[in-house]
Amino acid sequence: MTKAPPHTDPRVLRTRQLLREAVIDLMEEMSIEKITVNRIAERAKINRVTFYLHYRDIPDMMEKMADDMAEDVLQVVSGYMENPEAAEGEQWPMLERLLTHIAENAKFYKIVLTSRKSTIFTDRLFRLMADIISTRVERRLATRNASEVTVQKDIAVWYGSAALIGTIIAWLREDMPYSPQYLAKQITSLRSS
């Protein structure tokens with residue numbers, strides 16, 4: 001899932017991927033508090049010392065995984081953010097791209113976003129979506145007369161972020177009963193009705 005700089009040793013990338021997969025597998029089986037470095041190393045089939053070459057501890061690993069997730073999401077939606085004029089008329093394709101990315105990495109997102117014990121991923125995604133929505137709201141407000149604005153910007157951002165992330169989490173919990181395309185169109189229809 002994570003893109004790394006081209007100069008990173010492939011062995012380092014492979015080891016980090018093994019560690020991430022081990023953590024996700026373990027989170028599927030047990031609560032985050034029960035996961036130990038020994039269990040991660042054992043599951044990844046690496047030496048415990050190797051874990052410490054890459055991460056200080058499990059919270060550090062989780063932070064870095066959340067950073068990688070946010071970077072991946074930004075890459076998925078970046079084309080729409082860089083060209084705001086085109087993005088305004090195409091709300092559901094951007095959302096469809098995001099949902100397709102989540103569906104392609106469903107195991108990861110289902111584990112990290114639906115975990116009630118570890119909210120780092122949901123919190124990071126919420127902040128990222130809030131930033132994206134805030135930029136869009138600011139653009140819309142700039143084109144409107146002050147008397148036309150009826151909702152405070154921060155409330156619109158909170159609502160939009162929470163609604164979108166809540167919908168994505170429910171979709172994942174229900175094993176994605178709708179295609180990313182259909183869900184994106186439905187969410188967009190809700191916003192315009």
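**Notes on an all-helix chain**

1. Starting from the outside, the chain exposes about 11,200 Å², and carbon and sulfur atoms supply 53% of that area (Shrake-Rupley method, 1.4 Å probe). Please keep in mind that this is a predicted model, in which local features need pLDDT of at least 70, side-chain atom pairs count only at pLDDT 80 or more, and totals for chains, interfaces and linings use all residues. Residues are numbered from 1 along each chain as its sequence is written, and side-chain values use heavy atoms, leaving out hydrogens and water.

2. On secondary structure, you will find ten helices and zero strands (DSSP runs, H or I of at least four residues for helices, E of at least two for strands, numbered from the N terminus).

3. Of the 193 residues, 40% count as buried (under 20% relative accessible area, 1.4 Å probe, protein chains only).

4. Now to the interior. The largest nonpolar core (buried Ala, Val, Leu, Ile, Met, Phe, Trp, Tyr and Cys residues joined through side-chain atoms within 4.5 Å) has 50 residues, of which Ile40, Met62, Leu113, Phe121 and Met129 touch the most other members. Elements giving two or more residues to this core include helix H1 (10-29), helix H2 (37-44) and helix H8 (120-142). The largest share, ten residues, comes from H4.

5. Ile40 is worth a look on screen. Beyond its neighbours within four places in sequence, Ile40 is in contact with Leu19, Ala22, Val23, Leu26, Ile35, Phe51, Ile58 and Met61 (contact is heavy atoms within 4.5 Å).

6. Among contacts between residues at least 6 apart in sequence, 65% join residues at least 24 apart.
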